[in-house]
Amino acid sequence: MLQVKHILENKEQVIEGLKKRNLDAETLVQQIIDLDLERKTSIVKVEDLRAEGNKKSKEIGGLFKEGRIEEANAAKLEVQKAKTEQKNLEEELNNIEEKFRNLLYQIPNVPHTTVPSGSTEEDNEEVYSEGIIPILHEGAKPHWEIVKKKNIVDFETGVKITGAGFPVYKGKGARLQRALINFFLDEAEKSGYAEVIPPLLINEASGIGTGQLPDKEGQMYHVTGDNLYLIPTAEVPITNIYRDLILNENELPKKNCGYTPCFRREAGSYGKEVRGLNRLHQFDKVEIVQVVHPDESYQVLNDMVEHVKELVRKLKLPFRILRLCGGDLGLTSALTFDFEVYSTAQERWLEVSSVSNFETYQSNRLKLRFKKDKEKPQLAHTLNGSALALPRIMAALIENNQDINGDICIPEVLQKYTGFSKI
RNA sequence: AGUGGAGUGGCCGAGCGGCUUAAGGCGCACGCUUGGAAAGCGUGUUGAGGUGCAAAUCUCACGGGGGUUCGAAUCCCUUCUCCACUACCA
């Protein structure tokens with residue numbers, strides 16, 4: 001969430017910035033400012049009473065020690081009365097603070113100055129593209145037909161076991177998944193990211209920390225028996241490693257990568273969009289995460305984009321990079337670049353990575369700070385990116401690399417991981 | 001999962017209703033001392049929030065939340081984590 005101080009000091013700038021999200025935040029921001037004032041007034045009242053109470057209690061302690069029992073008892077009665085008022089005021093303060101927090105949770109991150117305004121993905125700005133879209137032979141097929149024929153991804157069995165969106169990868173299909181995971185992890189480690197294997201279930205505090213809760217609860221699978229959530233992305237557990245920490249400035253940047261399955265309910269999705277591997281409830285992804293000094297976060301965002309570029313390039317997939325417009329930007333992000341690869345048989349672009357700078361939006365919720373010597377701790381910046389999400393990469397590879405015989409050619413960089421060059 | 005025990009500052013560890021303003025130690029930082037260092041001595045050593053131009057000052061935090069009390073690290077309830085034993089299991 002945004003820092004209150006930042007809102008107070010940059011009211012107009014915040015409201016103006018949020019317009020890019022097609023959000024008129026005027027009322028909301030004003031409510032927050034008003035409530036903050038109310039909050040402070042209430043704090044003063046409560047703390048004054050507390051201070052007085054503390055003083056009196058100490059005096060009573062002294063009276064008892066001196067054996068002045070009657071005076072002490074009289075003082076007790078007096079304080080007891082004052083407590084009622086204090087309790088009421090404390091309750092009032094609690095209410096204000098809860099309301100205040102809820103309002104703050106509602107305000108999305110302020111988009112970076114370079115974010116284009118716009119409402120849908122149509123308004124995203126293409127900033128880069130690379131690679132040649134292959135011309136497929138007559139009779140080329142979409143990936144869902146190829147994987148069926150080759151028996152490497154079995155959707156029907158997944159439906160039987162769990163439901164739609166939970167495919168079973170088989171044989172060389174499974175092997176290809178594993179190859180991609182290992183390839184992505186090795187590349188990440190080469191770029192200096194330390195690998196972690198995090199939990200796949202997270203608690204409520206972690207969900208709030210990275211911004212999935214309270215707003216996007218419906219998108220995660222909720223294990224109600226234990227009040228845990230299946231991770232929608234490794235971003236959540238990996239970033240939460242640093243929750244409640246005060247790092248030394250010289251420990252920055254923190255760079256982590258991790259492979260995890262991801263679980264998304266994707267309520268409301270249907271049709272061509274979800275066909276085959278296009279949109280799944282469970283999918284594999286390698287994620288890269290950084291915690292950095294605020295002065296460096298945009299340089300780092302660039303580095304992360306370059307890292308992802310290199311991955312897609314090595315897989316020889318045609319891709320483009322989009323700067324997300326305000327309307328398409330996630331709640332917590334200040335600037336996001338999406339990577340899309342071209343899936344030739346479907347004749348459409350598929351999003352395979354999203355690289356974002358959250359500035360202090362997450363770290364403020366996470367209480368993730370760093371400190372230089374004796375200076376006051378300050379919030380770090382957090383970033384993350386998919387590097388990469390597997391199913392759509394697989395879809396594009398399968399479609400783009402099908403040859404005249406209907407076989408799938410494995411890109412050279414993957415062959416040492418797969419152990420075969422064709423499926 | 002059951003039963004019992006325990007969670008105190010950067011770390012160890014005392015305190016078990018009011019001289020706690022959290023003892024003592026270790027570590028760390030600075031100073032004195034020294035040719036230099038060690039030892040020794042001295043000083044300091046958390047975070048959040050409020051008031052104030054500032055100096056300063058107040059509030060909150062002893063795993064988390066709630067309660068009892070004029071007053072809670074200390075008593076009660078609840079929850080989490082760790083340890084031990086029992087049961088189960090890859």
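This is a short tour of a predicted model, with a suggestion at each stop for what to select next.

Before you start, note that residues are numbered from 1 along each chain as its sequence is written, with chains lettered from A and ligands numbered from 1 in the order in which they are written. In this predicted model, local features need pLDDT of at least 70, side-chain atom pairs count only at pLDDT 80 or more, and totals for chains, interfaces and linings use all residues, while side-chain values use heavy atoms, with hydrogens and water left out.

**Stop 1: the two domains**

Colour residues 4-106 and 121-418 of chain A separately: these are domain 1 and domain 2, with bounds that come from an automatic or database domain assignment. Their C-alpha centres lie 43 Å apart. Five residues from domain 1 and 11 residues from domain 2 take part in the contact between them, where contact means heavy atoms within 4.5 Å.

**Stop 2: the pocket between the domains**

Now select M1, Q3, V4, N364 and K367, which lie nearest the centre of the second largest pocket, among its 30 lining residues. A pocket here is an open set of points, on a 1 Å grid over the protein atoms alone, with protein on both sides within 12 Å along at least five of seven lines; a cavity is a set of points where a 1.4 Å probe fits but cannot get out, and lining residues have an atom within 4 Å of a point. The volume of this pocket is about 830 Å³, counted as the space filled by probe spheres set on the points, which are joined across faces, edges and corners.

Why does this pocket lie between the domains? Domain 1 and domain 2 both give residues to its lining, so it lies between them. Helix α4 (69-106) supplies the largest share of the lining, five residues. Helices and strands in this tour are DSSP runs numbered from the N terminus, with helices (H or I) of at least four residues and strands (E) of at least two. The lining has 12 nonpolar, six polar and 12 charged residues; Ala, Val, Leu, Ile, Met, Phe, Trp, Tyr, Cys and Pro count as nonpolar, Asp, Glu, Lys and Arg as charged, and the others, Gly among them, as polar.

Stay with K367 for a moment. It sits in the loop between α11 (361-366) and β14 (369-371), and its phi is near 55 degrees, a positive value in a residue other than glycine. K367 is partly exposed, at 47% relative accessibility; buried means under 20% relative accessible area, exposed over 50%, and partly exposed in between (1.4 Å probe, protein chains only).

**Stop 3: the largest pocket**

Next, select R264, R279, D338, E351 and S354. The largest pocket holds about 1700 Å³ of space, and these five are the closest to its centre among the 50 residues that line it. Elements that give two or more residues to this lining include β12 (335-343), β13 (348-359) and α12 (390-400). Strand β13 gives the most, with nine residues. By class, the lining has 17 nonpolar, 17 polar and 16 charged residues.

**Stop 4: helix α12 and the core**

Select α12 on its own. How many of its residues are buried? The count is 11 of 11. One of them is I393, which is also among the residues with the most contacts inside the largest nonpolar core, a set of 60 residues. Such a core is made of buried Ala, Val, Leu, Ile, Met, Phe, Trp, Tyr and Cys residues joined through side-chain atoms within 4.5 Å. Leaving aside neighbours within four places in sequence, I393 is in contact with L180, L315, L317, V341, V352 and L388.

**Stop 5: a cavity**

Two α12 residues, L397 and I398, also help line the largest cavity, together with L176, N401, I408, C409, I410, P411 and L414. Its volume is about 40 Å³. The lining divides into eight nonpolar, one polar and no charged residues.

**Stop 6: backbone details**

Most residues other than glycine have a negative phi, and most peptide bonds are trans. Zoom in on A387 and L388, which are joined by a cis peptide bond with omega about 0 degrees; L388 belongs to strand β16 (residues 381-389). Another cis bond runs from L213 to P214, and P214 lies in the loop between α8 (204-210) and β6 (222-223). Finish at N227, where phi is near 50 degrees, a positive value in a residue other than glycine. N227 is partly exposed, with a relative accessible area of 32%.
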